[in-house]
Amino acid sequence: MAEHAAVIGIGQTDFDAKRVDVSQVGLIREAAERALADAELDWKDIDAVVIGKAPDMFEGVMMPELFLAEALGGVGKPMLRVHTAGSVGGSTAIVAASLVQSGVHERVLTVAYEKQSESNAMWALSIKMPFTPTMVAGAGGFFAPLIRGYMERSGAPEDTGIRVALKDRLNALKNPVAHLKLPDVTFEMIQNSPMLWDPIRYLETCPSSDGACALVIGNEKHGRAASRPAAWIHATNMKTEPTMFAGRDQVMPKAGLECSEELYKKAGITDPRKEIDCAEIYVPFSWFEPMWMENLHFAPINEGWKMTYEGATALDGDLPVNMSGGVLSTNAIGASGMVRFAEAAMQVRGQAGDHQIDGARKALGHAYGGGSQYFSMWIVADQPMQ
Amino acid sequence: MSEEREPVTRIVTPVRVAYTYTPGIASERFLRGCKEGKLLGGICDACGRVYIPSRGACPRCAAPTSKFQELSDQGTIITFCIVRVPAENIAVDLPYCTASILLDGADISFTGLIQGCPFEDVRIGMRVQAIWKPESEWDYSVGNIEHFHPLDEPDIPFKDLKGYS
Amino acid sequence: MRDVAVIAYAQTPYVRTERVRNEVEMLMPIIDEVVKKAGIPRQEIGFTCSGSTDYLAGQSFSFVMAVDAVGAWPPIMESHVEMDGAWALYEAWIKIQCGEVDSALIFSFGRSSMGETAETMTLQTDPYTMAPLGPDAISMAALQARCGLDAGLFSERDMAEVAARNRRNALTNPEAQLAGEFDVEALLAAPYRVSPLRDHDCPPVTDGAAAMVIAAADVARDVSDKPVWIRGIDHRLDSHQLGSRDLTKSPSTRLAGERAGVSPGKIDIAELHAPFSHQEIILKNALGLDDDVRINPSGGALAANPIMSAGLARIGEASRQISGGAASRAVAHATSGPCLQQNLVCVLEG
């Protein structure tokens, strides 16, 4: 990289099913103002703005960044809008980081959001195409068969997914901005929740949230000068493979395997399980935790479920996963990837409050999207990379 | 003027945009096959793998699928899901079972409904057969297949299905 | 900064309606063409970035299918902007500046014929205060033209002359959609479409796609006889609210032009993304281009306006002029949003 880059400000909105108290403008402002306050910066200090969100039809506005950018102080500045399906929040942060790493800008504001309550997301995802009757019922209908495929090949115990959901729902209780909080949640409550897309139960799925996440990313000079600790970006990576092709392993996609392998190499990591202190990853359905543990090379193939089962991914485990409560507790789709990246940064900055992992110095943020085909990841740490 | 007003929390702006859809060369070929009760797989010009339906390209090779071959309407369940939640765009009574089915001769799976046996009996590796609507109802649509029905044949072992997930 | 060059460009023929092929089938041949022209094996191209919008396709995640046309196997490092391909080029240029990759494939696509483009563009406006009023793309451009006419910055005759020149230039561009000799008097005798705009002041509805390969200097010199160097690239934004802007000016174009280094130095040609005739005049002023600069030798967006590709096409067409020897220094420009809201300027040299 031409320049080091670091996260010097983080802001998240409060997440809820319907944020009727704010417009889309108000929503992104809330996140951006919190990020600027955290960075102790003003709008004029920002050189460029990068906005990310999932499909425009979720809000019913074509290229909404055009009307939103002014509220982020974007007039007279460069503004980019990223969209890489569900991984977009992560990719957006990576694009913002690259504007700094390239040496083109010194401080960049990036915001990712979704305000699904302003339109009908289920409609946006299931527009009737002529000639082709749809039988895949939303994201759950797409991912449930992949989960069944994973269960078949790994032989994982059937309650693995319930254990993941219980862990993430308990973690969410420690996160003040999390959307879905179930204070009385128990294993039995999740187990007895209705099957939606068998084998996925209701409480093993994510909610639909309104919310936004913002980051201020600065170069080395600003990272070192920041009054709060910076989260230094050691490596980023993005990988894509096509949705459907002959011989595609949709359960354990190569794009994810290669993305993480290259990421660790860039970050100088040889033993990820040992060297990474915690990971915030994109788990929209509980079973994706064990699947991604394997895809991210934290566990051997077909053994990711053991990490869940043995408690390795719990807050007091050897590799805590989804300390924030994860996507299972909060899912403003376009923002979800950036929330993962932000949580990783909060951990190494020591600002994660009740869900802080003691002594976290190196963390992974992960997002994926499309039919398990778009991946974006970063490694952040409490010190610049040597 | 001092009275407190309720905040405006919602305005409704109906939006209507109409589109003319063009399926493309390969999809059109496939749909014309459907109309005749045939399942046409597109063969990759570069690697020879068979796609059903072909969306125009073999994504591995970024090559067109210029040639087509008729495939069997029998296949093997690669994986499946039992749907118990309604979706606006699906007119099938709940609950129902959808499966990824690898048709004999194809290199990629195809989505279909499974009927004709209890859900508990549906399994990966199970052999199934397409049940078509009456010929008089055939249209340019995969909807000509009403569902897939179990075949009285031994299952295909899971290990032999590798590479088709 | 690393020196980066355009080493290959290709576009589909631009047509009113692509009735036969879908987006993947449109993209496959031109991606194949640029990759072959670039002379870099597909697997060795470091980064891929595309630009498109779901609202043209009427389908969420429409860019996902386009990956089928790239050959993303083994998996590739890839990104997508919901913007014109010119901004995909910008993201790719940044990636090369980071030193992470040495080459990139950029592509963009759109089939405006599928929907009702002018009305669809209404959905691009502020959903709370503007979209409910239903301003379509042509009406908003007409407001801008009216401002310019009333301010005395140009006349309807000037606008007709812009249209006639662009479509005459398009006669030499085999991929252009609307080309021909038009008599300015005859154009001015036509009725208004949306006053003060006549048909000739408006862009055609176009289906099309474009693809480009760029590379850092060491790679570019290795594989290309005539790399076209990107000497500067910058993009800026104006307010979205038409009422808070002076629509007769384009401050974001002026700023981007300054940052990209349009001056000093002689400019031979300019490819300006001006979908409406009067916008070419506003852009020319904003960039401070002299009267001897040849504008839009390709015919510009008045000859073919493939939305989401029309900006990338300006950079591609300008690079062709340079690699073909017709120019040694060129300015290319891309725009997005109502009334030239967002603008990118790229300075190219042989």
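# A guided tour of a predicted three-chain model

Begin by selecting helix 6 of chain A, a mostly covered helix in which 12 of the 13 residues are buried. This is a predicted model, and that should be kept in mind at each stop that follows. Helix 6 spans residues 160–172 of chain A, and from its first C-alpha to its last the helix reaches 19 Å, close to the 18 Å expected at 1.5 Å a residue. If you colour its buried residues, among them A:Ile162, A:Val164, A:Leu166 and A:Ala172, you will also be colouring the charged names A:Arg163, A:Lys167, A:Asp168 and A:Arg169, since these are buried too. To see what lies over them, show helix 7 (187–191), helix 11 (288–295), helix 12 (304–309) and helix 13 (326–329) of chain A, which are included in the cover of the buried residues of helix 6.

## Strand 4 of chain A and its two partners

Next, select strand 4 of chain A, residues 107–115, where nine of the nine residues are buried. In a regular strand the side chains alternate between the two faces of the sheet. Here A:Arg107, A:Leu109, A:Val111, A:Tyr113 and A:Lys115 point one way, whereas A:Val108, A:Thr110, A:Ala112 and A:Glu114 point the other way, and all of them are buried.

Which strand pairs with strand 4 of chain A in the parallel sense? Strand 2 of chain A, residues 48–52, does so over five bridges, and a useful place to centre the view is A:Val49, which stands opposite A:Leu109 of strand 4 of chain A. Now add strand 7 of chain A, residues 210–219, which pairs with strand 4 of chain A in the antiparallel sense over nine bridges; within strand 7 of chain A, A:Gly218 is the bridge partner of A:Arg107.

## A helix crossing in chain A

Staying in chain A, select helix 3 (residues 88–101) together with helix 14 (residues 333–349), whose axes come within 5 Å and cross at roughly 60°. The two helices of chain A are therefore oblique to each other. On the side of helix 3 of chain A, the contact is made by A:Val88, A:Gly89, A:Gly90, A:Ser91, A:Thr92 and A:Ala93, and helix 14 of chain A contributes residues including A:Gly334, A:Met338 and A:Phe341. Sorted by class, this contact of helix 3 with helix 14 of chain A has six nonpolar, seven polar and one charged residues.

## Where chain C is touched

Now bring chain C into view and look at its contact with chain A, which takes 48 residues from chain A and 46 residues from chain C. On the side of chain A, the elements that give two or more residues include helix 2 (65–68), strand 3 (79–82), strand 8 (231–240) and helix 9 (254–266). Helix 3 of chain A gives the most to this side, with five residues. The residues on the side of chain A that touches chain C divide into 26 nonpolar, 14 polar and eight charged.

Then show chain B against chain C, where 21 residues of chain B are in contact with 28 residues of chain C. The side of chain B that touches chain C divides into 13 nonpolar, six polar and two charged residues.

## A crossing inside chain C

Within chain C, select helix 4 (residues 85–97) and helix 13 (residues 310–323), whose axes come within 5 Å and cross at roughly 65°. That makes helix 4 of chain C roughly perpendicular to helix 13 of chain C. The residues to display are C:Gly85, C:Ala86 and C:Leu89 of helix 4 of chain C, with C:Gly311, C:Leu312 and C:Ile315 of helix 13 of chain C. This contact between the two helices of chain C has four nonpolar, two polar and no charged residues.

## The sheet and hairpin of chain B

Finally, turn to chain B and select its open sheet of three strands, which has the order 2-1-5 with antiparallel pairing. Which strands of chain B are the edge strands? They are strand 2 (50–51) and strand 5 (67–71), each pairing on one side only. Strand 1 of chain B, residues 39–43, is joined to strand 2 of chain B by two bridges, and B:Gly42 has B:Tyr51 as its bridge partner in strand 2 of chain B. Helix 1 of chain B, residues 25–35, packs on the sheet and touches strand 1 and strand 5 of chain B, with a direction that makes about 155° with that of strand 1 of chain B.

For the last stop, select strand 7 (residues 96–103) and strand 8 (residues 110–114) of chain B, which pair in the antiparallel sense over five bridges. B:Ala99 has its bridge partner in strand 8 of chain B at B:Gly112. Six residues lie between the strands of this hairpin of chain B, and B:Gly105 takes a positive phi near 100°.

Definitions and conventions. Residues numbered from 1 in each chain as written. Chains lettered and ligands numbered in written order. Predicted model: local features only at pLDDT ≥ 70, side-chain atom pairs only at ≥ 80, totals over all residues. Helix = DSSP H or I, 4+ residues; strand = E, 2+ residues; numbered from the N terminus. Expected span 1.5 Å × (residues − 1). Buried ≥ 20, exposed ≤ 12 C-beta atoms within 10 Å, placed from the backbone. Contact = placed C-beta atoms within 7 Å. Axes fitted to C-alpha atoms, helices over the stretch in contact; angles between N-to-C directions. Parallel < 35°, antiparallel > 145°, perpendicular 65-115°, else oblique. Pairing = 2+ DSSP bridges.
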